[in-house]
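Work through the exercises below with the sequence and the 3D view open. Try each task before you read its solution.

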Amino acid sequence: DRGREKTSQARCLCGIRSFFNFLLISDQIEASPAEFVDTPKFGRHLPDILTTAEIDRIIATVDTRTTKGIRDSAMLEVLYSCGLRVSELTSLRLSDLFFGEGYIRVIGQGAKHRLVPVARDKIQRYLEKRRSARSGEEVVFLNNRGGQLTRVMVFTILKQAAQRAGIDKHISPHTFRHSFATHLLEGGASIRQVQEMLGHE
């Protein structure tokens with residue numbers, strides 16, 4: 001009646017139900033008054049989709065005169081063109097690169113492996129320029145200290161590039177992945193092919 005958002009209603013109802021369930025379990029009441037209260041229904045919002053032109057604009061804003069810029073450009077291109085999760089990108093290792101065959105090996109959720117075609121030029125240029133990795137560090141994309149990039153750093157790099165490109169959509173690394181899948185489908189790929197590329201069951 002107060003016009004609260006459905007998500008707020010659902011969150012409050014969850015707490016109320018838990019409270020009355022506790023009272024039931026501890027024999028303080030005989031029935032829960034929340035038992036027959038319906039949870040509000042709300043649909044999931046689909047993430048924003050970027051066009052290929054917008055993705056090109058985002059990547060083009062990166063200043064590739066520095067090693068950091070070369071890294072960021074390569075990283076954003078791989079994130080989109082391979083449809084990677086951000087965790088898959090940050091954990092990509094040198095031993096996962098098979099440039100002779102034209103693909104990378106991606107270790108996804110549940111330690112499942114998949115092979116994804118890759119354009120190697122930007123990664124190769126970055127590998128030639130990048131600083132030395134910390135001892136025992138095998139990951140491809142390094143931070144300024146020679147260690148593994150964090151998810152937050154990737155998110156920040158992407159956000160800043162999108163702002164420079166003048167794109168005001170809600171963008172995250174997952175937006176690139178969702179756009180990649182959409183563009184594959186629009187290009188005639190089957191749902192099954194897209195699932196395989198994304199590492200879905």
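## Exercise 1: Two cysteines

Start with one residue. Cys-14 has a relative accessibility of 47%, which makes this residue partly exposed. Keep in mind that the model is predicted.

**Task.** Find how many disulfides the structure holds, and explain the result for Cys-12 and Cys-14.

**Solution.**

Step 1. Recall the cut-off: two cysteine sulfur atoms must lie within 2.5 Å to count as a disulfide.

Step 2. Start from Cys-14 and look for the closest cysteine sulfur. That sulfur belongs to Cys-12, and the distance is 9.8 Å.

Step 3. Compare. The 9.8 Å separation is too far for a bond, so Cys-12 and Cys-14 are not joined.

Step 4. Check the total. Searching the whole structure gives 0 disulfides.

Step 5. Add the surroundings. Cys-12 is partly exposed, at 48% relative accessibility.

## Exercise 2: A pair with unequal exposure

**Task.** Which residue forms a salt bridge with Arg-65? Then classify each partner as buried, partly exposed or exposed.

**Solution.**

Step 1. Look for the carboxyl partner. Asp-63 forms the salt bridge with Arg-65.

Step 2. Check the distance. The closest N and O atoms are 2.9 Å apart, and the cut-off is within 4 Å.

Step 3. Classify Arg-65. Its relative accessible area is 75%, so Arg-65 is exposed, the limit being over 50%.

Step 4. Classify Asp-63. Its value is 36%, so Asp-63 is partly exposed.

Step 5. Place the pair in context. The structure holds 9 salt bridges.

## Exercise 3: A network in a helix

**Task.** Which residues do shared salt-bridge partners join with Asp-72 into one network?

**Solution.**

Step 1. Take Lys-68. Its side chain meets that of Asp-72 in a salt bridge, at 2.8 Å from N to O.

Step 2. Ask how they are placed. Lys-68 and Asp-72 both sit in helix H3, residues 67-81. They are 4 residues apart, so about one helical turn separates them.

Step 3. Take Arg-71. Arg-71 also forms a salt bridge with Asp-72, with the closest N and O atoms 2.8 Å apart.

Step 4. Join the pairs. Through shared partners, Lys-68, Arg-71 and Asp-72 form one network.

Step 5. Compare the exposure. Lys-68 is partly exposed, at 40% relative accessible area. Asp-72 has 5%, so Asp-72 is buried, the limit being under 20%. Arg-71 is buried as well.

Methods:
Residues numbered from 1 in each chain as written. Predicted model: local features only at pLDDT ≥ 70, side-chain atom pairs only at ≥ 80, totals over all residues. Heavy atoms only, no water. Buried < 20%, exposed > 50% of the residue type's maximum accessible area, 1.4 Å probe, protein only. Helix = DSSP H or I, 4+ residues; strand = E, 2+ residues; numbered from the N terminus.
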